[in-house]
Structures are given as structure tokens and as C-alpha cells.
Amino acid sequence: MAQSEKYGVLDIGGTKIRSAVWDGYHLSEVESCETPKVTAPSFIDTLSDQMSRLMGSYDLRGVGVSTAGPVDVVNGRILNPANLGNGDDSWLRFEIKKDLSEKLGLPVVVDNDAALTAFGQYKHFEKERVKDLVVLTLGTGLGIGAIVNGELARGGQSMHPELGHFLIADEPDPHYQTPMGNFPTMESYLSGYHFSKRVGQKLGRELTGSDLIRLSENDDAAVTLLWQGYSQRMAVALSNLYLVYFPKKFVFAGGFAMVASPFFLNRTQSVMAQILEDRVESGMPLPDIEISANHDDLPLLGAGYKVMENLSEK
């Protein structure tokens with residue numbers, strides 16, 4: 001890549017949108033705005049405004065977009081996302097790659113945010129050390145991306161695996177809506193938003209994530225007990241992911257992981273070791289678990305590496 005080449009990068013989450021300039025080595029001009037709950041065409045206007053400010057100062061070669069899914073990676077479409085939009089039909093098959101490219105007059109590469117978080121972790125921090133890892137992003141939702149033998153793990157039909165929507169119960173919950181016919185999913189138990197909501201239901205009042213952390217820091221007995229259940233479910237989730245991908249390392253990213261890890265991580269590691277005891281005795285090492293120190297920037301880094309990689313192939 002020529003030293004002068006620059007790329008725009010966007011990270012679209014359920015709470016905020018972050019934008020930056022990527023030069024192949026560093027991020028600069030990082031800005032953020034609240035994610036609007038609007039129609040897909042209006043959403044394109046918001047993204048265009050974010051990029052246009054950067055295009056006024058930089059000659060961008062292209063734009064990489066990390067977004068909450070489900071995402072049709074090959075065609076650059078968002079398909080009826082659970083954590084974006086206002087429920088309008090325009091989000092059922094949102095042609096974000098085509099629409100944003102036409103708006104900006106630049107090539108656009110779109111990928112799932114969980115995939116690009118894993119890709120950013122691998123390319124920027126792990127490439128010479130670990131080639132098999134799984135990254136879990138705990139925030140509004142639960143994003144899961146995997147690197148296997150140094151490559152992003154993909155699903156069929158141009159889709160990124162929606163592992164956060166793995167079912168973890170065989171009966172629907174009539175009191176708790178999920179995108180999977182109200183059957184409880186990993187996300188509906190383990191994401192920061194959903195766990196705070198469930199704890200609030202148990203306590204008989206609404207809780208924000210900040211409320212939950214405050215109660216946890218004050219050793220509230222009822223909340224401590226609920227964290228034990230959370231840790232148990234997280235250990236089961238990690239064990240299932242281990243049996244799918246056999247990673248050497250799990251990495252937690254996302255704002256909720258940063259503040260909540262003191263309340264679940266040790267117990268999760270202990271329970272996971274019990275679940276995988278037979279595997280470890282057969283000679284397979286127990287995967288390491290760590291908290292990313294760069295969780296906010298990982299999707300932007302992944303988008304930067306991905307757009308640079310894709311455009312260099314053309």
C-alpha cells in the first residue's frame with residue numbers, strides 16, 4: 001500500500017456509530033455519534049455525513065464498514081437487524097454497500113462487526129502469536145467472531161455465523177422477546193443490555209447497565225447470586241464455542257465486558273475447566289481467556305484491514 005493511501009472506516013453499533021481514518025497502521029480523526037432509530041434511507045444519510053466530513057480533509061480510497069448483523073457479507077446487505085433501525089420494512093434487506101457507495105462515490109466493503117472485531121484483534125495484536133481465537137463482544141448485543149488457522153470463519157450463503165442467537169433453552173419465554181421465536185438465546189442471557197434487563201425483572205425494577213454494576217460493586221446479595229448464574233451460562237457458551245472452533249484463546253471485548261468481568265470471569269474460567277476436564281486430560285490445552293485492552297477500536301481496525309485487503313486485490 002502506498003504511504004499516502006487513506007481509508008474511511010465506520011463501526012455501526014446499536015448504541016453509537018464511530019468513524020475514523022485508517023492509514024494501514026493507525027486510526028485518526030476518531031469521532032462518534034448516537035445511532036439513530038430511523039429508516040434505512042435516512043440511516044445512509046447519517047453515515048454519509050460522517051464520511052463526508054473526513055472526505056473534506058482526506059483523499060480516501062474506499063470505506064470499510066463494520067456493522068451489527070445479520071450481514072450478507074458478499075453482497076453487503078444488512079438483513080432485518082435486531083439492534084438497528086426503527087422496525088421499518090426498509091431494514092428487511094438493506095443494501096448498505098450499494099447505497100453508501102453511490103452516495104459517497106467510493107468503493108465500500110461491509111462486514112459483520114463481530115467478524116471485524118476478531119479480524120482487528122488478530123491482524124493488529126495476535127498475528128505472530130495466536131492463529132486460532134474467538135472474540136466475544138459484550139455490549140448491547142453479543143457478537144462472536146472466530147479466527148481459525150489465521151482465517152475468518154464464515155458460514156454458508158454469504159453469511160457470518162450468528163452465534164449470539166444460538167438457542168440455550170428448549171421452551172420459549174412468553175415474558176421475554178427474542179428474535180428466535182422468543183426462545184432464549186446466548187445473547188438474551190449474556191449481553192449487557194439483556195442481562196441488566198433480566199436482573200431488573202428479578203428485582204422488580206428497571207435497571208441500566210450502570211445500575212447493575214453499582215449494585216454489583218456494593219455486593220448486593222441477590223445480584224451476586226444472579227452473577228453466579230450468568231457465569232455458569234457463560235462457561236457453557238465458551239465450552240460450546242471451544243468444541244466448534246478449538247481456539248487457543250478467548251478474548252472479551254465491548255464496554256460491558258470491561259466493567260463486568262470482575263463479577264463473572266473467575267467463576268466462568270473455573271466452570272469451563274470442569275466442563276472441559278476430559279478434553280484437557282486427553283492432552284488438549286484449556287484455552288486462555290483475556291479482556292481486550294483495545295475493545296473500542298477493534299471493529300474500526302478490522303474494517304481498516306478488511307477494506308485495505310479487499311481493494312488491494314482489485
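Two strands are taken to pair if DSSP finds at least two bridges between them. The model described here is predicted, and this report treats its two five-stranded sheets, the helices that pack on them, the aromatic contacts and a few backbone features.

## The sheet of strands 8 to 12

One open sheet consists of five strands in the order 10-9-8-11-12, and its pairing is mixed. Strand 10 (151-152) and strand 12 (288-291) stand at the edges; each has a single partner strand, so one side of each is left without a neighbour in the sheet. Strand 8 (residues 133-138) and strand 11 (residues 249-253) run parallel and are joined by five bridges. Within this pairing, Val135 has Val251 of strand 11 as its bridge partner. Helix 7 packs on the sheet, where it touches strand 8, strand 9 (142-148), strand 11 and strand 12. The direction of helix 7 makes about 145 degrees with that of strand 8.

## Helix 7 and its aromatic contacts

Helix 7 covers residues 221-245, and Ser231 has its place there. Ser231 has a relative accessible area of 0% and is therefore buried, given that buried means under 20%. Leaving aside residues up to four places away in sequence, Ser231 touches Phe263, Phe264, Arg267 and Thr268.

A search of the whole structure finds 14 aromatic pairs. In one of them, the ring centres of Trp227 and Phe256 are 6.1 Å apart and the planes stand at 20 degrees, so the pair is stacked. Trp227 lies in helix 7 and Phe256 in helix 8 (residues 255-275), so this pair ties together parts that are 29 residues apart in sequence. Trp227 counts as buried because its relative accessibility is 3%. Phe256 is likewise buried, with a relative accessible area of 8%.

Phe256 also forms an aromatic pair with Tyr230, and this pair is edge-to-face, with 6.5 Å centre to centre and 70 degrees between the planes. The pair links distant parts of the chain, Tyr230 in helix 7 and Phe256 in helix 8, 26 residues apart. Both Tyr230 and Phe256 are buried.

Which residues do ring pairs link into a cluster with Trp227? The cluster contains Phe195, Trp227, Tyr230, Phe252, Phe256, Phe263 and Phe264. Two of its members, Phe263 and Phe264, are among the residues that Ser231 touches.

Charged side chains also meet aromatic rings, as the following table shows.

| Charged residue | Ring | Distance from the ring centre |
|---|---|---|
| Arg198 | Tyr189 | 3.9 Å |
| Lys306 | Phe119 | 4.4 Å |

In the case of Arg198, the charged end sits over the ring of Tyr189. Lys306 lies over the face of Phe119.

## The sheet of strands 1 to 4 and 7

Another open sheet has five strands in the order 3-2-1-4-7, again with mixed pairing. Strand 3 (27-34) and strand 7 (108-112) are its edge strands, and each pairs on one side only. From one strand to the next, the twist averages 15 degrees. Strand 4 (residues 60-67) pairs with strand 7 in the parallel sense over five bridges. In this pairing, Gly64 stands opposite Val109 in strand 7.

Helix 1 (residues 40-55) lies across strand 1 (6-12), strand 2 (16-22), strand 3 and strand 4. The helix runs at about 30 degrees to strand 2.

## Backbone features in loops

After strand 4, the chain contains a cis peptide bond: the bond from Gly69 to Pro70 has omega near 5 degrees. Pro70 lies in the loop between strand 4 and strand 5 (71-72).

Where does Asp219 lie? Asp219 is in the loop between helix 6 (209-217) and helix 7. Although Asp219 is not a glycine, its phi is positive, at about 55 degrees. Asp219 counts as exposed because its relative accessibility is 61%.

Phe246, in the loop between helix 7 and strand 11, is another residue other than glycine with a positive phi, near 50 degrees. Is Phe246 buried, exposed or partly exposed? With a relative accessible area of 36%, Phe246 is partly exposed, because that class lies between under 20% for buried and over 50% for exposed.

Key. Residues numbered from 1 in each chain as written. Predicted model: local features only at pLDDT ≥ 70, side-chain atom pairs only at ≥ 80, totals over all residues. Heavy atoms only, no water. Helix = DSSP H or I, 4+ residues; strand = E, 2+ residues; numbered from the N terminus. Buried < 20%, exposed > 50% of the residue type's maximum accessible area, 1.4 Å probe, protein only. Contact = heavy atoms within 4.5 Å. Axes fitted to C-alpha atoms, helices over the stretch in contact; angles between N-to-C directions. Phe/Tyr/Trp six-rings, centres within 6.5 Å; stacked < 30°, edge-to-face > 60°. Lys NZ or Arg CZ within 6 Å of the ring centre and 35° of its normal.
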